[in-house]
Amino acid sequence: MNKIIVTITLCISMILTGCQNSGGTSSKDVDPTLTKSNSAQFFSKSAWQSCAVGAGIGGIGCVLLGGKTGTCLASAAVGCGVLMGANYYLDTKRAEYADAEMRLDAYIQDVQQNTYEVQAVTETAKAVLDKNLATLKTLNKQIKSQTMNQTQAKNELTQIDANIAYLKDKLSRMQKVEKDWVSIAAQEKQSGVNVSKLDKQINQLHKQIAVLEKQVNLVSQQRSAVKVS
């Protein structure tokens, strides 16, 4: 009975968190290349909320229908991965895989998936950010030669600002995912599991996130240097 109560509590927590987590940035002025690409769903608020609410409802239904606690936890989080949070994800994998090696294989596969998702976002972002850098370079020249069209410049800068905010929001979610993976690895290591292979994959994820962060920071710095009255 206690396990059932714990499971239902976890699932309800997922639903409430998903509904209440209204953070994120508006995509109103963001370049459509970013918002309509195949990678737009990765590390997005809507994807997290859909996953949280779906998992929570699915988990509660499973328990109320007499399902086993471990099975309900695992099935509720299918497709969500570490988006459900480090502790919840860890509980589901331990319930799903009693064998540590099998559990590690599952972790590594999910980290690789997250790394692929970061790469996809980075590739899409690079094309947009390169275009933004070119625009900023042109605006700087126009400011110096006093040939800038104020209205056009403001419109272009509005989109660049929106692109930066959108990608910084993505970055914060990626960094949260990375932090959760580090936590999972640390907890498994504390339990006596050899997590060296997992640590290597997490390091690859970290490096890929750093690539995107570097690109965004470069555009942010260039943007801050452009002043339009």
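This is a short tour of a predicted model, with a suggestion at each stop for what to select next.

**The whole chain**

Start with everything shown as a cartoon. You should find eight helices and zero strands, so there is no need to look for a sheet. Read along the sequence, the pattern is α-α-α-α-α-α-α-α. Now colour by burial: of the 229 residues of the protein, 42% count as buried. If you draw the contacts with a separation of 6 or more, residues 24 or more positions apart account for 81% of them.

**Stop one: Leu 34**

Select Leu 34, which has its place in helix α2 (residues 32-35). Is this residue buried or exposed? Leu 34 has a relative accessible area of 4%, under the 20% cut-off, and therefore counts as buried. Next, show what surrounds this side of α2. Setting aside residues up to four places away in sequence, Leu 34 touches Ala 40, Thr 124, Ala 125, Val 128, Asn 163, Tyr 166 and Leu 167. Pick Thr 124 from that group and draw a C-alpha to C-alpha distance to Leu 34: the two are 6.6 Å apart in space, yet 90 residues apart in sequence.

**Stop two: α5 against α7**

Now select helix α5 (residues 86-96) together with helix α7 (residues 150-190). Their axes are 9 Å apart and the helices pack at an angle of about 50°, which is why α5 and α7 are described as oblique to each other. The crossing of this pair is right-handed. To see the contact itself, show side chains for Ala 86, Asn 87, Tyr 89, Leu 90 and Arg 94 on α5. On α7, their partners are Asp 180, Trp 181, Ser 183, Ile 184, Gln 187 and Glu 188. By class, the residues of this contact divide into five nonpolar, three polar and three charged.

Stay with Ile 184 for a moment. Leaving aside neighbours within four places in sequence, Ile 184 is in contact with Val 82, Ala 86, Tyr 89, Leu 90 and Tyr 107.

**Stop three: α5 against α6**

Keep α5 on screen and add α6 (100-145). How do the axes of α5 and α6 cross? They come within 10 Å and cross at roughly 135°, and that makes α5 oblique to α6. α5 passes α6 in a right-handed crossing. On the α5 side, select Tyr 89, Leu 90, Lys 93 and Arg 94; these meet Arg 103, Ala 106, Tyr 107 and Asp 110 in α6. This contact has four nonpolar, no polar and four charged residues.

**Stop four: α7 against α8**

Swap to α7 and α8 (196-224). The pair packs at an angle of about 160°, with axes 10 Å apart, and α7 and α8 are therefore roughly antiparallel to each other. Here α7 passes α8 in a left-handed crossing. The contact has 16 nonpolar, three polar and six charged residues.

**Last stop: the largest nonpolar core**

In soluble globular proteins, nonpolar side chains tend to be buried together. To finish, look at the largest nonpolar core, which has 45 residues. Select Tyr 107, Met 174, Trp 181, Ile 184 and Leu 198: these touch the most other members. Helices α5, α6, α7 and α8 each supply at least two residues of this core. Which helix gives the most? That is α7, with 13 residues.

Terms used
Residues are numbered from 1 along each chain as its sequence is written. This is a predicted model: local features need pLDDT of at least 70, side-chain atom pairs count only at pLDDT 80 or more; totals for chains, interfaces and linings use all residues. Side-chain values use heavy atoms; hydrogens and water are left out. Axes are lines fitted to C-alpha atoms, for helices over the stretch in contact, and angles run from 0 to 180 degrees between N-to-C directions. Helices (H or I, at least four residues) and strands (E, at least two) are DSSP runs, numbered from the N terminus. Angles under 35 degrees count as roughly parallel, over 145 as roughly antiparallel, 65 to 115 as roughly perpendicular and the rest as oblique. A crossing is left-handed if the near helix is turned anticlockwise from the far one by less than a right angle, and right-handed if clockwise. Contact means heavy atoms within 4.5 Å. Ala, Val, Leu, Ile, Met, Phe, Trp, Tyr, Cys and Pro count as nonpolar, Asp, Glu, Lys and Arg as charged, and the others, Gly among them, as polar. A nonpolar core is a set of buried Ala, Val, Leu, Ile, Met, Phe, Trp, Tyr and Cys residues joined through side-chain atoms within 4.5 Å. Buried means under 20% relative accessible area, exposed over 50%, partly exposed in between (1.4 Å probe, protein chains only).
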